[in-house]
Amino acid sequence: MEQWLKPMVDAVGGVLSGYPLVVALLGAGLYFTIRFGAIQGRALWHSICLLRSSGSPSGITPFQAFATGLASRVGTGNIAGVAVALTIGGPGAIFWMWMTALLGMASAFVESTLAQIFKVPHHDKTFRGGPAYYIQIGLGSRTFGIVFAVALLFTFGFAFNSVQSHSIAETLEASFGWSRIWIGITLVLMTAPIIYGGVRRVARVAQWIVPVMALIYLGLAAYVCIVNYDKIPAMISLIVDHAFGLGQAAGGVAGYAVSQAVLMGVKRGLFSNEAGMGSAPNAAAVATTKHPVQQGLMQMLGVFFDTIVVCSATAFMILLSGQYEVGAAAEGAVLTQRALAAHFGDWAIMFTGVTVFFLAYSSVLGNYAYAEVNLDFMTQRPWCFHIFRALVLLAVMLGSVASLPLVWSFADVGAALMAFINLVAIAMLAKYAHAAWRDYAAQRKAGIAEPVFTRESLPPELRARLPKDVWPAQASVGGATPVPPQGSLPTAVTDAS
């Protein structure tokens, strides 16, 4: 089946996830960076401080929403994806991963702030929101909201979960010699109880798994960098040189190498940090928070942590290990395993297998949380959720035994489709996020430590579109009295359908 399926998927992916995607992602990130005054630099420290912010005890806290978003971000893309980017795109791909993240932080801020503004209450006493919701409410088009929701269901419910389960099976097979079929069956049995528990249970599991495993992994990377500190300048030079073809042969060879570095860096960067893709806003919206900007800043921090910190850690360990060869065949998590083994001994192969398992498993849970939010947007029929959960478990099983190129091809197509729809939507709705940012900054300037957002900050026609129990006239959280915004949110756009 793969012999005829992969060429078809690659043909579609060649159009969607090629240079048009590069231009769209980097262009949108640059636009939002300029419009919001380089918010990713100005507000980075403040976003770190917001991790301690509180929320409603009965709902999902801002940190749980941040951890759920991080659970989907930090996973296979950080370990296997970086290795794939290196083997196909060369060391220069790492530079373009950084650029995608740094510019994408602004896109992540805008999309997650919009998700909070346009969120809706849910019967489980949490909220729902994301691109499907802000397309329907903000742009007045349920049709395109459904199109996005379908794209996300395919991408996160099936394609991305297949990638995660494939990496788990690949590394555990290499580490312990276990059968991929039995690994897949075990994954299904472990995943089923969590996803049948709903978004709230996913959030509670994610807030513990991700930080612990990420910190251990980063600790090993820090040790590698300290021991090999004298090699770091040469490694950075190698990355930059290959990013622009400075260290390669002149002419077409250098041009091709640079194009591969850009394409792989942007594609693997998008898969890893998801900035602008429209996925993290689904997690950002479920939080009970005092101001939309608060969650926007926290999700922006997630992009920084995912790519600039964790992906760099993987790249540095591989490049400093002596295991990487320019022009070698494409490899995933196994290359990372060999790199750690070169630094720490054979026990690191088993450690990497366990680390990939926990990070990729948490990504499966985070991916499902995104998908459930969008299925809930389309329908509330219980039987639809039961069928979808069964299909997600099937995707986890199939990914465990599928080939590496096929699962990555599906993931690239889904990610590109989501990104194009979402980037158009947030560009059209950016004025709302910008006004919310002005309101937040004005309250902070007035001395209010935790700004509060209310319906009075919205124009009357937009207030009427939002559910009455979201952003009430008097804030239900915190008790602080907000100062009047510097300018009301712009008039809602007309029906875009």
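The exercises below, each with a worked solution, concern a predicted model of a protein.

**Exercise 1. Overall composition**

State how many helices and strands the protein has, and what share of its residues is buried.

Solution. The secondary structure comes to 20 helices and 2 strands. Turning to accessibility, buried residues make up 62% of the 497 residues in the protein. As for contacts with a separation of 6 or more, 84% of them are accounted for by residues 24 or more positions apart.

**Exercise 2. Helix 9 against helix 10**

Determine how the axes of helix 9 and helix 10 are oriented to each other, and which residues form the contact.

Solution. Begin with the geometry: the axes of helix 9 (residues 142–176) and helix 10 (residues 180–195) come within 9 Å and cross at roughly 130°. Angles over 145 degrees would count as roughly antiparallel and those from 65 to 115 as roughly perpendicular, and the two helices are therefore oblique to each other. The handedness comes next, and here helix 9 passes helix 10 in a right-handed crossing. Finally, list the residues: helix 9 contributes S165, H166, I168, A169, E170, L172 and E173, which meet R180, I183 and L187 of helix 10. Sorted by class, this contact has 5 nonpolar, 2 polar and 3 charged residues.

**Exercise 3. Helix 7 against helix 12**

Work out the orientation of helix 7 relative to helix 12, and describe the contact by residue class.

Solution. Helix 7 (residues 92–117) and helix 12 (residues 232–243) pack with their axes 6 Å apart, at an angle of about 85°. Because this angle falls in the range of 65 to 115 degrees, helix 7 is roughly perpendicular to helix 12. On the side of helix 7 the contact is made by G92, I94, F95, W96 and W98, and these meet I236, I239, H242 and A243 in helix 12. The residues of this contact divide into 7 nonpolar, 2 polar and no charged.

**Exercise 4. Surroundings of T336 and M397**

Locate T336 and M397 in the secondary structure, and name their contacts beyond neighbours within four places in sequence.

Solution. T336 is found in helix 16 (residues 333–344). Its relative accessibility is 1%, and since buried means under 20%, T336 counts as buried. With neighbours within four places in sequence left aside, T336 is in contact with I79, A83, Y217, T314 and I318. M397, for its part, is found in helix 18 (residues 382–401), and under the corresponding exclusion of sequence neighbours M397 is in contact with I181, G184, I185 and V188. A further distance concerns H166, a residue of the contact in Exercise 2: the C-alpha atoms of M397 and H166 are separated by 8.8 Å, although these residues are 231 residues apart along the chain.

**Exercise 5. The backbone at A38**

Explain why the phi of A38 deserves attention, and say where A38 lies.

Solution. Most residues other than glycine have a negative phi. A38 is not a glycine, yet A38 has a positive phi of about 55°. In the chain, A38 lies in the loop between helix 2 (19–35) and helix 3 (39–42). With a relative accessible area of 35%, A38 is partly exposed.

**Exercise 6. Cysteines**

Decide how many disulfides the protein has, and whether C49 and C384 are buried or partly exposed.

Solution. When a disulfide is taken as a pair of cysteine sulfur atoms within 2.5 Å, the count comes to 0 disulfides. C49, at 26% relative accessibility, counts as partly exposed, whereas C384 is buried, with a relative accessible area of 17%.

Note on methods: Residues are numbered from 1 along each chain as its sequence is written. This is a predicted model: local features need pLDDT of at least 70, side-chain atom pairs count only at pLDDT 80 or more; totals for chains, interfaces and linings use all residues. Side-chain values use heavy atoms; hydrogens and water are left out. Axes are lines fitted to C-alpha atoms, for helices over the stretch in contact, and angles run from 0 to 180 degrees between N-to-C directions. Angles under 35 degrees count as roughly parallel, over 145 as roughly antiparallel, 65 to 115 as roughly perpendicular and the rest as oblique. A crossing is left-handed if the near helix is turned anticlockwise from the far one by less than a right angle, and right-handed if clockwise. Contact means heavy atoms within 4.5 Å. Ala, Val, Leu, Ile, Met, Phe, Trp, Tyr, Cys and Pro count as nonpolar, Asp, Glu, Lys and Arg as charged, and the others, Gly among them, as polar. Buried means under 20% relative accessible area, exposed over 50%, partly exposed in between (1.4 Å probe, protein chains only).
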